[in-house]
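Dear colleague,

I am handing over the structure we spoke about, and I would be glad if you could read the notes below with it open beside you.

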Amino acid sequence: MEHPHHLPRQQSGVFLDRKASQGSPHAAELFPTSPEVPPIGDGIFHVTHPEHPITQIRLSDLFTCGACKEYGAGERFTCTECDYQLHDFCALAPQTLKRHPIHPLHNMVFISKYVKGGILKSRCDICAKPTKGCVFKCNACSFQMHPCCAMLSTQINISVHPHTLRLLPGLSPSSDPTGIVCGECNRRRSGKVYQCTTCDYHLHAVCAKNMVNGLEANGIKGMDRPSKVATAAKLASQVVIEFIGGLIEGIGESVGQVLIQTATRGRCCNNRSTRTE
């Protein structure tokens with residue numbers, strides 16, 4: 001029987017079974033194969049910041065993780081020499097995730113260097129947000145997720161809702177007017193969605209992330225809401241795509257008409273030649 005994972009308001013980490021050590025300033029659950037959490041004050045070296053050691057600290061302000069490039073607040077690892085900061089789960093991420101509950105068929109590898117996805121943006125298969133830094137990626141089928149999303153599971157419990165939530169299969173498109181409305185942000189958006197096992201409550205995976213990365217616990221809201229510029233850019237891109245589609249369709253129709261006219265002229269010429277003979 002699968003046991004749900006709890007996402008308490010007071011802490012940032014929340015993944016499978018393994019508790020952090022008693023020397024840690026918080027008792028968050030980290031990845032099962034993560035290295036031991038160092039005692040307070042002890043530094044570690046991370047692959048994304050090998051120049052200086054980073055130490056664990058708790059601050060309530062907003063920061064951008066130097067590894068995954070996503071927001072965080074609360075527990076973190078920071079460099080006192082150059083202000084480099086990491087989520088605790090990014091700093092202690094293992095090289096391999098085996099049988100992750102959301103993607104149990106294949107192992108996933110921690111990719112510490114950002115790889116551009118070409119013309120189309122590379123996106124997380126859980127929250128559907130772009131991947132701009134380190135990710136966990138499956139080499140067998142290209143499934144990938146942010147380290148923060150990898151802290152989620154197929155069933156979770158959150159402090160703002162009394163019942164267990166279960167992850168729905170597939171992705172919810174934000175453009176669907178009949179799509180699922182999240183009980184936290186009251187919006188429709190793309191990405192995976194959790195559904196209550198008892199009532200009609202739904203929660204976006206991207207909103208569940210804010211209960212993992214420390215934003216919700218530290219009272220920071222609205223960081224995932226698209227700006228007016230981003231919304232305008234999205235609408236403009238849709239207009240351009242529709243224009244190009246219409247242009248291609250028009251070109252196709254014109255080419256088709258030319259071909260029909262050419263074929264008709266050819267038949268007329270053949271008929272005239274036959275009558276002349």
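What follows goes through the strands, the cysteines, the nonpolar core and the salt bridges in turn.

Please keep in mind throughout that this is a predicted model.

I begin with the sheet built from four strands, which is open, has the order β4-β5-β6-β7 and is paired in antiparallel fashion. Its edges are taken by β4 (43-46) and β7 (85-87), and because each of these has a single partner strand, one side of each is left without a neighbour in the sheet. Averaged over neighbouring strands of this sheet, and with direction ignored, the turn of one strand against the next is 60°. At the β4 edge, the contact with β5 (residues 49-64) consists of 3 bridges between antiparallel strands, and there H46 is found opposite H49 of β5.

Further along the chain, strand β14 (residues 193-196) is joined by 3 bridges to β13 (residues 165-167), the two running antiparallel, with L165 placed opposite C196 of β14. The strand β14 is also joined to β15 (residues 202-204), again by 3 bridges and in antiparallel orientation, and here V193 has H204 of β15 as its bridge partner. Between β14 and β15, which together make a hairpin, there are 5 residues.

As to the cysteines, the count of disulfides is 0. C82 takes part in none, since the nearest cysteine sulfur, which belongs to C79, is 3.5 Å away and a disulfide requires the two sulfur atoms to be within 2.5 Å; with a relative accessibility of 38%, C82 counts as partly exposed. For C185, the closest cysteine sulfur is that of C207, and at 3.8 Å it is too far for a bond. The residue C185 is buried, its relative accessible area being 13%.

The largest nonpolar core contains 48 residues, and those with the most contacts inside it are I126, M145, Y194 and L203. At least two residues of this core come from each of β5, α1 (88-91), β9 (108-111), α2 (147-150), β12 (155-158), β13, β14 and α3 (205-209). The element that gives the most to this core is α3, with 4 residues.

Finally, the structure holds 4 salt bridges, of which I describe some here. One of them joins the side chains of R76 and D61, with a distance of 3.2 Å from N to O; because R76 lies in strand β6 (residues 71-78) and D61 in strand β5, this pair ties together parts that are 15 residues apart in sequence. Within the pair, R76 is buried at a relative accessible area of 0%, whereas D61 is partly exposed at 39%.

Another salt bridge is formed by K129 and E70, whose closest N and O atoms are 3.4 Å apart. Since K129 lies in the loop between β9 and β10 (135-137) and E70 in the loop between β5 and β6, the pair ties together parts that are 59 residues apart in sequence, and both residues are buried. The side chain of E70 also meets that of K209 in a salt bridge, at 2.8 Å from N to O, and this pair links distant parts of the chain, with K209 in helix α3 and E70 in the loop between β5 and β6, 139 residues apart. Like E70, K209 is buried. Through these shared partners, E70, K129 and K209 are joined by salt bridges into one network.

With best regards

Terms used: Residues are numbered from 1 along each chain as its sequence is written. This is a predicted model: local features need pLDDT of at least 70, side-chain atom pairs count only at pLDDT 80 or more; totals for chains, interfaces and linings use all residues. Side-chain values use heavy atoms; hydrogens and water are left out. Two strands pair if DSSP finds at least two bridges between them. Axes are lines fitted to C-alpha atoms, for helices over the stretch in contact, and angles run from 0 to 180 degrees between N-to-C directions. Buried means under 20% relative accessible area, exposed over 50%, partly exposed in between (1.4 Å probe, protein chains only). A nonpolar core is a set of buried Ala, Val, Leu, Ile, Met, Phe, Trp, Tyr and Cys residues joined through side-chain atoms within 4.5 Å.
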